[in-house]
Amino acid sequence: MSLPSVDWVPLLPVLTVTATALAVLIADLFLAEPDRDALAWLSVLGLVVAAGVSAILWGHPGRTLGNSFVIDDYAVFFDLLFCAASLLSTLMAVDYLTTTPVRPGEYYALVLFATAGMMTMAAAADLIVLFLGLEVMSIAVYVLAGVWRQDVRSNEAALKYFLLGAFASGFLLFGIALVYGVTASTRLDAIATHVARHSEQARPMLLLGVGLLIVGFGFKVAAVPFHVWTPDVYEGAPTSVTALMAVGVKAAGFAAFARVFLETLSAGSADWNVVLWWLAAATMTVGNVLAIAQSNIKRMLAYSSIAHAGYALVAMVAGGTAGGAALLFYLLAYAATNLGAFGVVIALARVGEPNEAIERYAGLGFRRPLLAMAMAAFMLSLAGVPPLVGFAGKLYVFRAAVENGYVSLAVIGVLNSVVSAYYYIWIIVTMYMREGELELPSLTTRPYLAATIGIAFAATVVLGIFPGLGYALARGGFLSLG
(Lines give C-alpha, C1' and ligand atoms only; values in the text may rest on other atoms or scores of the structure.)
Protein backbone atom coordinates (compact mmCIF):
# COMPACT_ATOMS: atom_id res chain seq x y z
CA MET A 1 0.00 0.00 0.00
CA SER A 2 1.47 3.34 -1.04
CA LEU A 3 1.44 6.29 1.33
CA PRO A 4 -0.50 9.39 0.22
CA SER A 5 1.55 12.21 -1.20
CA VAL A 6 2.21 15.10 1.18
CA ASP A 7 1.53 18.72 0.22
CA TRP A 8 3.92 20.64 2.49
CA VAL A 9 2.39 24.10 1.95
CA PRO A 10 -0.55 23.69 4.41
CA LEU A 11 1.94 22.43 7.02
CA LEU A 12 4.31 25.41 6.74
CA PRO A 13 2.95 27.44 9.71
CA VAL A 14 3.13 24.47 12.10
CA LEU A 15 6.50 23.36 10.76
CA THR A 16 7.90 26.88 11.17
CA VAL A 17 6.92 27.02 14.85
CA THR A 18 8.19 23.49 15.48
CA ALA A 19 11.53 24.19 13.77
CA THR A 20 11.88 27.36 15.86
CA ALA A 21 11.28 25.37 19.04
CA LEU A 22 14.03 22.91 18.08
CA ALA A 23 16.35 25.78 17.20
CA VAL A 24 15.75 27.36 20.62
CA LEU A 25 16.59 24.08 22.36
CA ILE A 26 19.81 23.68 20.40
CA ALA A 27 20.85 27.32 20.82
CA ASP A 28 20.27 27.08 24.56
CA LEU A 29 23.08 24.53 24.78
CA PHE A 30 25.64 27.01 23.52
CA LEU A 31 24.55 30.32 25.07
CA ALA A 32 25.81 31.62 28.40
CA GLU A 33 23.37 33.14 30.92
CA PRO A 34 23.76 36.82 29.89
CA ASP A 35 23.12 35.98 26.24
CA ARG A 36 19.90 34.06 26.74
CA ASP A 37 17.67 37.03 25.86
CA ALA A 38 18.60 36.06 22.30
CA LEU A 39 16.42 32.97 22.73
CA ALA A 40 13.39 35.20 23.22
CA TRP A 41 14.17 37.05 20.02
CA LEU A 42 14.65 33.78 18.17
CA SER A 43 11.22 32.68 19.42
CA VAL A 44 9.67 35.99 18.40
CA LEU A 45 11.26 35.74 14.96
CA GLY A 46 9.87 32.23 14.45
CA LEU A 47 6.38 33.33 15.52
CA VAL A 48 6.47 36.36 13.23
CA VAL A 49 7.55 34.20 10.29
CA ALA A 50 4.83 31.64 11.07
CA ALA A 51 2.23 34.41 11.26
CA GLY A 52 3.49 35.84 7.95
CA VAL A 53 3.26 32.44 6.25
CA SER A 54 -0.25 31.97 7.64
CA ALA A 55 -1.34 35.39 6.40
CA ILE A 56 -0.07 34.55 2.90
CA LEU A 57 -2.19 31.37 2.97
CA TRP A 58 -5.39 33.36 3.65
CA GLY A 59 -7.74 32.71 0.77
CA HIS A 60 -5.68 29.74 -0.46
CA PRO A 61 -7.22 26.65 1.15
CA GLY A 62 -5.45 23.34 0.98
CA ARG A 63 -5.52 19.84 2.42
CA THR A 64 -2.77 17.35 3.09
CA LEU A 65 -1.95 14.12 4.95
CA GLY A 66 -4.83 12.25 3.38
CA ASN A 67 -7.23 15.17 3.88
CA SER A 68 -6.75 14.95 7.65
CA PHE A 69 -5.10 18.38 7.91
CA VAL A 70 -6.68 21.47 6.36
CA ILE A 71 -5.47 25.04 6.02
CA ASP A 72 -8.54 27.19 5.42
CA ASP A 73 -9.24 30.75 6.49
CA TYR A 74 -10.65 29.41 9.77
CA ALA A 75 -7.33 27.75 10.59
CA VAL A 76 -5.40 30.81 9.41
CA PHE A 77 -7.44 33.09 11.69
CA PHE A 78 -6.55 30.96 14.71
CA ASP A 79 -2.93 30.58 13.59
CA LEU A 80 -2.61 34.36 13.63
CA LEU A 81 -4.31 34.53 17.03
CA PHE A 82 -2.06 31.81 18.50
CA CYS A 83 1.10 33.41 17.14
CA ALA A 84 0.12 36.82 18.52
CA ALA A 85 -0.77 35.39 21.93
CA SER A 86 2.44 33.36 22.14
CA LEU A 87 4.52 36.30 20.96
CA LEU A 88 3.11 38.59 23.67
CA SER A 89 3.45 35.83 26.28
CA THR A 90 7.08 35.46 25.26
CA LEU A 91 7.75 39.21 25.49
CA MET A 92 6.15 39.51 28.92
CA ALA A 93 8.25 36.57 30.12
CA VAL A 94 11.64 38.06 29.16
CA ASP A 95 11.85 40.28 32.22
CA TYR A 96 9.67 38.02 34.35
CA LEU A 97 12.04 35.06 34.00
CA THR A 98 14.86 37.14 35.50
CA THR A 99 12.95 37.04 38.81
CA THR A 100 12.65 33.24 38.74
CA PRO A 101 15.11 30.33 38.47
CA VAL A 102 13.34 29.10 35.30
CA ARG A 103 15.69 28.34 32.37
CA PRO A 104 14.70 30.58 29.43
CA GLY A 105 15.54 27.93 26.82
CA GLU A 106 13.15 25.40 28.33
CA TYR A 107 10.44 28.00 28.75
CA TYR A 108 10.50 29.43 25.22
CA ALA A 109 10.75 25.99 23.60
CA LEU A 110 7.74 24.73 25.55
CA VAL A 111 5.72 27.82 24.58
CA LEU A 112 6.53 27.14 20.93
CA PHE A 113 5.65 23.44 21.17
CA ALA A 114 2.36 24.37 22.84
CA THR A 115 1.70 26.82 20.00
CA ALA A 116 2.35 24.10 17.41
CA GLY A 117 -0.21 21.91 19.18
CA MET A 118 -2.75 24.73 19.16
CA MET A 119 -2.26 25.29 15.43
CA THR A 120 -2.68 21.57 14.78
CA MET A 121 -5.97 21.54 16.70
CA ALA A 122 -7.35 24.44 14.68
CA ALA A 123 -6.39 22.80 11.36
CA ALA A 124 -7.37 19.22 12.20
CA ALA A 125 -9.84 17.65 9.78
CA ASP A 126 -9.62 14.29 11.53
CA LEU A 127 -10.38 13.45 15.17
CA ILE A 128 -7.09 11.59 15.58
CA VAL A 129 -5.09 14.58 14.32
CA LEU A 130 -7.14 16.80 16.62
CA PHE A 131 -6.28 14.56 19.57
CA LEU A 132 -2.58 14.58 18.66
CA GLY A 133 -2.58 18.37 18.54
CA LEU A 134 -4.42 18.49 21.87
CA GLU A 135 -1.85 16.27 23.54
CA VAL A 136 1.15 18.16 22.12
CA MET A 137 -0.33 21.38 23.47
CA SER A 138 -1.42 19.87 26.78
CA ILE A 139 1.86 18.14 27.64
CA ALA A 140 3.81 21.33 26.95
CA VAL A 141 1.44 23.38 29.12
CA TYR A 142 1.50 20.78 31.93
CA VAL A 143 5.27 21.22 32.09
CA LEU A 144 5.01 25.01 31.82
CA ALA A 145 2.61 25.11 34.77
CA GLY A 146 5.26 23.43 36.91
CA VAL A 147 8.34 24.92 35.25
CA TRP A 148 9.17 26.89 38.41
CA ARG A 149 10.34 23.74 40.16
CA GLN A 150 11.36 25.46 43.41
CA ASP A 151 7.87 26.90 43.95
CA VAL A 152 5.36 24.69 45.77
CA ARG A 153 2.37 26.40 44.18
CA SER A 154 3.77 25.78 40.70
CA ASN A 155 4.33 22.10 41.46
CA GLU A 156 0.80 21.77 42.82
CA ALA A 157 -0.67 23.51 39.78
CA ALA A 158 1.18 21.20 37.38
CA LEU A 159 0.11 18.06 39.24
CA LYS A 160 -3.57 19.08 39.41
CA TYR A 161 -3.61 20.13 35.78
CA PHE A 162 -1.90 16.93 34.63
CA LEU A 163 -4.14 14.55 36.58
CA LEU A 164 -7.41 16.23 35.66
CA GLY A 165 -6.23 16.88 32.10
CA ALA A 166 -5.33 13.23 31.58
CA PHE A 167 -8.74 12.24 32.93
CA ALA A 168 -10.50 14.64 30.53
CA SER A 169 -8.38 13.39 27.62
CA GLY A 170 -9.64 9.91 28.40
CA PHE A 171 -13.24 11.11 28.04
CA LEU A 172 -12.39 12.77 24.74
CA LEU A 173 -10.63 9.69 23.39
CA PHE A 174 -13.48 7.42 24.44
CA GLY A 175 -15.89 9.78 22.68
CA ILE A 176 -13.77 9.62 19.53
CA ALA A 177 -13.83 5.82 19.74
CA LEU A 178 -17.63 5.75 20.00
CA VAL A 179 -18.06 8.18 17.11
CA TYR A 180 -15.70 6.03 15.04
CA GLY A 181 -17.65 2.92 16.00
CA VAL A 182 -20.86 4.46 14.68
CA THR A 183 -19.55 6.25 11.59
CA ALA A 184 -16.58 3.98 10.70
CA SER A 185 -14.39 7.05 10.24
CA THR A 186 -12.50 9.67 12.20
CA ARG A 187 -12.47 12.08 9.24
CA LEU A 188 -14.70 15.06 9.97
CA ASP A 189 -16.18 15.22 6.46
CA ALA A 190 -17.16 11.52 6.60
CA ILE A 191 -18.67 11.95 10.05
CA ALA A 192 -20.66 14.97 8.82
CA THR A 193 -22.04 12.93 5.91
CA HIS A 194 -23.09 10.15 8.27
CA VAL A 195 -24.74 12.53 10.74
CA ALA A 196 -26.68 14.21 7.92
CA ARG A 197 -28.36 10.90 7.09
CA HIS A 198 -27.92 9.24 10.46
CA SER A 199 -29.46 5.89 11.24
CA GLU A 200 -31.92 5.87 14.16
CA GLN A 201 -30.48 2.54 15.35
CA ALA A 202 -27.00 4.05 15.74
CA ARG A 203 -28.25 7.35 17.21
CA PRO A 204 -27.99 6.50 20.94
CA MET A 205 -24.35 5.40 20.61
CA LEU A 206 -23.52 8.48 18.55
CA LEU A 207 -25.12 10.75 21.15
CA LEU A 208 -23.10 9.07 23.88
CA GLY A 209 -19.93 9.73 21.88
CA VAL A 210 -20.96 13.36 21.33
CA GLY A 211 -21.61 13.72 25.06
CA LEU A 212 -18.10 12.49 25.88
CA LEU A 213 -16.65 14.91 23.33
CA ILE A 214 -18.46 17.73 25.13
CA VAL A 215 -16.85 16.63 28.40
CA GLY A 216 -13.38 16.64 26.85
CA PHE A 217 -13.79 20.01 25.16
CA GLY A 218 -15.56 21.42 28.22
CA PHE A 219 -12.46 20.74 30.31
CA LYS A 220 -10.16 22.52 27.87
CA VAL A 221 -12.34 25.64 27.69
CA ALA A 222 -13.04 25.55 31.48
CA ALA A 223 -16.81 25.25 31.19
CA VAL A 224 -18.86 24.45 34.29
CA PRO A 225 -18.89 21.76 35.75
CA PHE A 226 -15.47 20.92 34.26
CA HIS A 227 -13.86 24.10 35.60
CA VAL A 228 -12.65 23.06 39.06
CA TRP A 229 -8.97 22.94 38.04
CA THR A 230 -8.90 26.49 36.71
CA PRO A 231 -8.47 28.77 39.77
CA ASP A 232 -5.82 26.61 41.45
CA VAL A 233 -3.81 26.11 38.26
CA TYR A 234 -4.05 29.76 37.20
CA GLU A 235 -2.91 30.89 40.66
CA GLY A 236 -0.06 28.41 40.98
CA ALA A 237 1.43 28.60 37.48
CA PRO A 238 3.96 31.33 36.64
CA THR A 239 1.93 34.38 35.59
CA SER A 240 3.23 34.47 32.02
CA VAL A 241 2.17 30.82 31.68
CA THR A 242 -1.24 31.65 33.13
CA ALA A 243 -1.64 34.31 30.43
CA LEU A 244 -0.88 31.76 27.71
CA MET A 245 -3.28 29.25 29.25
CA ALA A 246 -6.08 31.78 29.64
CA VAL A 247 -5.78 32.93 26.03
CA GLY A 248 -4.07 30.32 23.86
CA VAL A 249 -5.31 27.08 25.42
CA LYS A 250 -8.87 28.37 25.68
CA ALA A 251 -8.85 29.62 22.07
CA ALA A 252 -7.45 26.28 20.84
CA GLY A 253 -10.16 24.43 22.73
CA PHE A 254 -12.86 26.55 21.14
CA ALA A 255 -11.23 26.27 17.70
CA ALA A 256 -11.54 22.49 17.79
CA PHE A 257 -14.89 22.59 19.62
CA ALA A 258 -16.48 24.84 16.99
CA ARG A 259 -15.03 22.95 14.00
CA VAL A 260 -16.38 19.65 15.29
CA PHE A 261 -19.78 20.86 16.50
CA LEU A 262 -20.67 23.86 14.31
CA GLU A 263 -19.43 22.21 11.10
CA THR A 264 -19.22 18.42 11.44
CA LEU A 265 -22.14 17.78 13.81
CA SER A 266 -24.31 20.72 12.75
CA ALA A 267 -26.94 18.46 11.20
CA GLY A 268 -27.58 16.96 14.65
CA SER A 269 -27.55 20.27 16.53
CA ALA A 270 -31.06 19.65 17.88
CA ASP A 271 -29.60 16.80 19.96
CA TRP A 272 -26.69 18.65 21.59
CA ASN A 273 -27.63 22.33 21.48
CA VAL A 274 -29.75 22.12 24.62
CA VAL A 275 -26.75 20.72 26.50
CA LEU A 276 -24.60 23.64 25.38
CA TRP A 277 -27.42 26.03 26.36
CA TRP A 278 -27.30 24.84 29.96
CA LEU A 279 -23.51 24.73 29.96
CA ALA A 280 -23.38 28.35 28.76
CA ALA A 281 -25.87 29.56 31.37
CA ALA A 282 -24.16 27.68 34.21
CA THR A 283 -20.66 28.71 33.13
CA MET A 284 -21.50 32.41 32.97
CA THR A 285 -23.31 32.38 36.30
CA VAL A 286 -20.91 30.27 38.35
CA GLY A 287 -17.84 32.08 37.01
CA ASN A 288 -19.18 35.55 37.78
CA VAL A 289 -20.67 34.73 41.19
CA LEU A 290 -17.51 33.03 42.46
CA ALA A 291 -15.27 35.79 41.08
CA ILE A 292 -16.91 38.29 43.43
CA ALA A 293 -15.52 36.55 46.52
CA GLN A 294 -11.88 36.44 45.35
CA SER A 295 -9.16 38.49 47.01
CA ASN A 296 -6.34 37.20 44.76
CA ILE A 297 -6.14 38.87 41.34
CA LYS A 298 -5.11 35.67 39.51
CA ARG A 299 -7.96 33.67 41.05
CA MET A 300 -10.36 36.46 40.16
CA LEU A 301 -9.14 36.43 36.55
CA ALA A 302 -9.44 32.63 36.58
CA TYR A 303 -13.13 32.76 37.50
CA SER A 304 -13.50 35.63 35.04
CA SER A 305 -12.08 33.36 32.31
CA ILE A 306 -14.66 30.72 33.24
CA ALA A 307 -17.43 33.29 32.84
CA HIS A 308 -16.06 34.39 29.47
CA ALA A 309 -16.05 30.77 28.33
CA GLY A 310 -19.78 30.91 29.02
CA TYR A 311 -20.20 33.96 26.78
CA ALA A 312 -18.30 32.15 24.03
CA LEU A 313 -20.59 29.14 24.47
CA VAL A 314 -23.56 31.46 23.90
CA ALA A 315 -22.15 32.14 20.42
CA MET A 316 -21.83 28.39 19.81
CA VAL A 317 -25.44 27.85 20.89
CA ALA A 318 -26.56 30.60 18.51
CA GLY A 319 -24.72 28.86 15.67
CA GLY A 320 -24.93 29.84 12.04
CA THR A 321 -22.71 32.45 10.42
CA ALA A 322 -23.59 35.11 12.99
CA GLY A 323 -22.81 32.86 15.96
CA GLY A 324 -19.60 31.48 14.45
CA ALA A 325 -18.27 34.91 13.51
CA ALA A 326 -19.21 36.25 16.95
CA LEU A 327 -17.32 33.39 18.59
CA LEU A 328 -14.13 34.09 16.65
CA PHE A 329 -14.30 37.83 17.27
CA TYR A 330 -15.01 37.28 20.96
CA LEU A 331 -11.92 35.09 21.32
CA LEU A 332 -9.88 37.82 19.64
CA ALA A 333 -11.26 40.48 21.99
CA TYR A 334 -10.73 38.28 25.03
CA ALA A 335 -7.13 37.54 24.01
CA ALA A 336 -6.13 41.20 23.70
CA THR A 337 -7.73 42.19 27.00
CA ASN A 338 -6.53 39.27 29.10
CA LEU A 339 -2.94 39.36 27.90
CA GLY A 340 -2.81 42.98 28.95
CA ALA A 341 -4.37 42.27 32.35
CA PHE A 342 -1.87 39.53 33.13
CA GLY A 343 0.91 41.82 31.93
CA VAL A 344 -0.11 44.33 34.62
CA VAL A 345 -0.14 41.52 37.21
CA ILE A 346 3.47 40.74 36.27
CA ALA A 347 4.36 44.45 36.41
CA LEU A 348 3.38 44.59 40.09
CA ALA A 349 5.40 41.53 41.04
CA ARG A 350 8.90 41.66 42.52
CA VAL A 351 11.42 38.96 43.41
CA GLY A 352 9.90 36.95 46.26
CA GLU A 353 6.76 39.13 46.29
CA PRO A 354 4.10 38.21 43.71
CA ASN A 355 1.80 40.98 45.05
CA GLU A 356 -1.29 39.16 43.81
CA ALA A 357 -3.67 40.33 46.54
CA ILE A 358 -6.16 42.84 45.13
CA GLU A 359 -5.53 45.15 48.10
CA ARG A 360 -1.95 45.57 46.85
CA TYR A 361 -3.37 47.55 43.91
CA ALA A 362 -4.41 50.36 46.26
CA GLY A 363 -3.08 53.72 45.15
CA LEU A 364 -1.74 52.44 41.84
CA GLY A 365 -3.55 55.22 39.99
CA PHE A 366 -1.40 57.86 41.70
CA ARG A 367 1.95 56.09 41.75
CA ARG A 368 1.84 54.51 38.27
CA PRO A 369 -0.88 56.42 36.35
CA LEU A 370 -0.18 54.88 32.93
CA LEU A 371 -0.15 51.34 34.31
CA ALA A 372 -3.36 52.00 36.22
CA MET A 373 -4.98 53.50 33.12
CA ALA A 374 -4.13 50.37 31.14
CA MET A 375 -5.47 48.08 33.89
CA ALA A 376 -8.66 50.15 34.12
CA ALA A 377 -9.15 49.78 30.36
CA PHE A 378 -8.66 46.01 30.56
CA MET A 379 -11.13 45.68 33.43
CA LEU A 380 -13.75 47.84 31.70
CA SER A 381 -13.29 45.85 28.50
CA LEU A 382 -13.83 42.57 30.34
CA ALA A 383 -16.95 44.09 31.91
CA GLY A 384 -18.22 45.00 28.43
CA VAL A 385 -18.10 48.80 28.69
CA PRO A 386 -18.01 50.79 25.40
CA PRO A 387 -16.07 51.81 23.42
CA LEU A 388 -13.64 49.00 24.31
CA VAL A 389 -13.34 45.71 22.44
CA GLY A 390 -15.04 43.66 25.17
CA PHE A 391 -18.27 45.57 24.55
CA ALA A 392 -18.15 44.86 20.83
CA GLY A 393 -17.48 41.18 21.50
CA LYS A 394 -20.47 40.81 23.80
CA LEU A 395 -22.65 42.83 21.46
CA TYR A 396 -21.94 40.45 18.57
CA VAL A 397 -22.49 37.39 20.78
CA PHE A 398 -25.80 38.54 22.26
CA ARG A 399 -27.03 39.82 18.91
CA ALA A 400 -26.36 36.42 17.35
CA ALA A 401 -28.24 34.72 20.18
CA VAL A 402 -31.27 37.01 19.79
CA GLU A 403 -31.31 36.69 15.98
CA ASN A 404 -31.37 32.90 16.26
CA GLY A 405 -34.13 32.79 18.87
CA TYR A 406 -32.14 32.35 22.07
CA VAL A 407 -33.46 35.49 23.74
CA SER A 408 -33.54 34.00 27.24
CA LEU A 409 -29.88 32.98 27.02
CA ALA A 410 -28.95 36.47 25.84
CA VAL A 411 -30.83 37.94 28.82
CA ILE A 412 -28.92 35.64 31.19
CA GLY A 413 -25.70 36.81 29.55
CA VAL A 414 -26.58 40.49 29.95
CA LEU A 415 -27.51 39.98 33.62
CA ASN A 416 -24.21 38.19 34.18
CA SER A 417 -22.37 41.09 32.59
CA VAL A 418 -24.02 43.39 35.13
CA VAL A 419 -22.87 41.10 37.96
CA SER A 420 -19.35 40.99 36.59
CA ALA A 421 -19.12 44.79 36.59
CA TYR A 422 -18.94 44.68 40.41
CA TYR A 423 -15.64 42.87 40.71
CA TYR A 424 -14.05 44.49 37.66
CA ILE A 425 -14.92 47.99 38.85
CA TRP A 426 -13.76 47.09 42.34
CA ILE A 427 -10.23 46.81 40.93
CA ILE A 428 -10.54 50.33 39.53
CA VAL A 429 -11.94 51.65 42.81
CA THR A 430 -9.02 50.08 44.66
CA MET A 431 -6.48 51.67 42.32
CA TYR A 432 -7.93 55.19 42.37
CA MET A 433 -9.84 55.58 45.63
CA ARG A 434 -7.70 53.84 48.22
CA GLU A 435 -4.27 54.69 49.55
CA GLY A 436 -1.43 52.21 49.21
CA GLU A 437 2.23 51.99 50.10
CA LEU A 438 3.46 49.31 47.74
CA GLU A 439 6.80 50.18 46.18
CA LEU A 440 6.63 49.32 42.48
CA PRO A 441 9.51 48.59 40.14
CA SER A 442 9.61 50.95 37.17
CA LEU A 443 8.54 49.67 33.76
CA THR A 444 11.37 51.64 32.17
CA THR A 445 13.71 48.88 33.31
CA ARG A 446 11.41 46.26 31.78
CA PRO A 447 10.86 47.40 28.20
CA TYR A 448 9.57 44.05 26.90
CA LEU A 449 6.80 43.95 29.49
CA ALA A 450 5.93 47.60 28.83
CA ALA A 451 5.69 46.85 25.10
CA THR A 452 3.39 43.89 25.76
CA ILE A 453 1.01 45.97 27.89
CA GLY A 454 1.12 48.80 25.35
CA ILE A 455 0.28 46.50 22.42
CA ALA A 456 -2.58 44.87 24.34
CA PHE A 457 -3.92 48.30 25.37
CA ALA A 458 -3.79 49.56 21.78
CA ALA A 459 -5.60 46.45 20.50
CA THR A 460 -8.26 46.76 23.22
CA VAL A 461 -9.00 50.37 22.29
CA VAL A 462 -8.59 50.24 18.49
CA LEU A 463 -10.63 47.06 18.01
CA GLY A 464 -13.28 48.54 20.30
CA ILE A 465 -13.56 51.75 18.27
CA PHE A 466 -13.26 49.95 14.92
CA PRO A 467 -14.68 46.45 15.59
CA GLY A 468 -15.35 45.92 11.91
CA LEU A 469 -11.64 45.32 11.34
CA GLY A 470 -11.61 42.20 13.50
CA TYR A 471 -15.16 41.11 12.74
CA ALA A 472 -14.52 41.01 8.99
CA LEU A 473 -11.61 38.61 9.57
CA ALA A 474 -13.65 36.54 12.00
CA ARG A 475 -16.60 36.27 9.62
CA GLY A 476 -14.35 35.42 6.68
CA GLY A 477 -12.61 32.76 8.74
CA PHE A 478 -15.83 31.09 9.83
CA LEU A 479 -17.38 31.20 6.35
CA SER A 480 -14.47 29.10 5.06
CA LEU A 481 -15.69 26.11 7.08
CA GLY A 482 -17.38 23.48 4.99
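This passage describes the empty spaces found in a predicted model, beginning with an open pocket and then turning to enclosed cavities.

Rolling a probe the size of a water molecule over the atoms shows where empty space is left. In the predicted model, the largest pocket holds about 400 Å³ of space. Four helices each give two or more residues to the lining of this pocket, namely α3 (73-96), α13 (320-347), α18 (447-465) and α19 (467-479). Of the elements involved, α3 gives the most, with six residues. The lining of the largest pocket is made up of 18 residues. Those that lie nearest the centre of the pocket are L80, L81, A84, L332 and L463. By class, 17 residues of the lining are nonpolar and one is polar, while no charged residue is present.

Enclosed spaces were counted separately. There are three cavities of 30 Å³ or more. The largest cavity contains about 80 Å³ of space. Its lining consists of V195, H198, R203, L206, L207, V210, L265, G268, D271 and W272. Two helices, α8 (203-220) and α11 (269-292), each supply at least two of these residues. The largest share comes from α8, which provides four residues. The lining of the largest cavity contains six nonpolar residues, together with two polar and two charged ones. Because Asp and Arg count as charged and Gly as polar, R203 and D271 fall in the charged class and G268 in the polar class.

The second largest cavity holds about 60 Å³ of space. Around this cavity lie H308, Y330, A333, Y334, T337, S381, L382, G390 and K394. At least two lining residues come from each of three helices, α13, α15 (369-383) and α16 (389-403). Helix α13 makes the largest contribution to the lining of the second largest cavity, with four residues. The helix α13 is also among the elements that give two or more residues to the lining of the largest pocket. In the lining of the second largest cavity, four residues are nonpolar, four are polar and one is charged. The charged residue is K394, because Lys belongs to the charged class.

In summary, the lining of the largest pocket has no charged residues, whereas the lining of the largest cavity includes two and that of the second largest cavity includes one. The leading contributors to these linings are α3 for the largest pocket, α8 for the largest cavity and α13 for the second largest cavity.

Conventions:
Residues are numbered from 1 along each chain as its sequence is written. This is a predicted model: local features need pLDDT of at least 70, side-chain atom pairs count only at pLDDT 80 or more; totals for chains, interfaces and linings use all residues. Side-chain values use heavy atoms; hydrogens and water are left out. On a 1 Å grid over the protein atoms alone, a cavity is a set of points where a 1.4 Å probe fits but cannot get out, and a pocket is an open set with protein on both sides within 12 Å along at least five of seven lines; lining residues have an atom within 4 Å of a point. Grid points are joined across faces, edges and corners, and a volume is the space filled by probe spheres set on the points.
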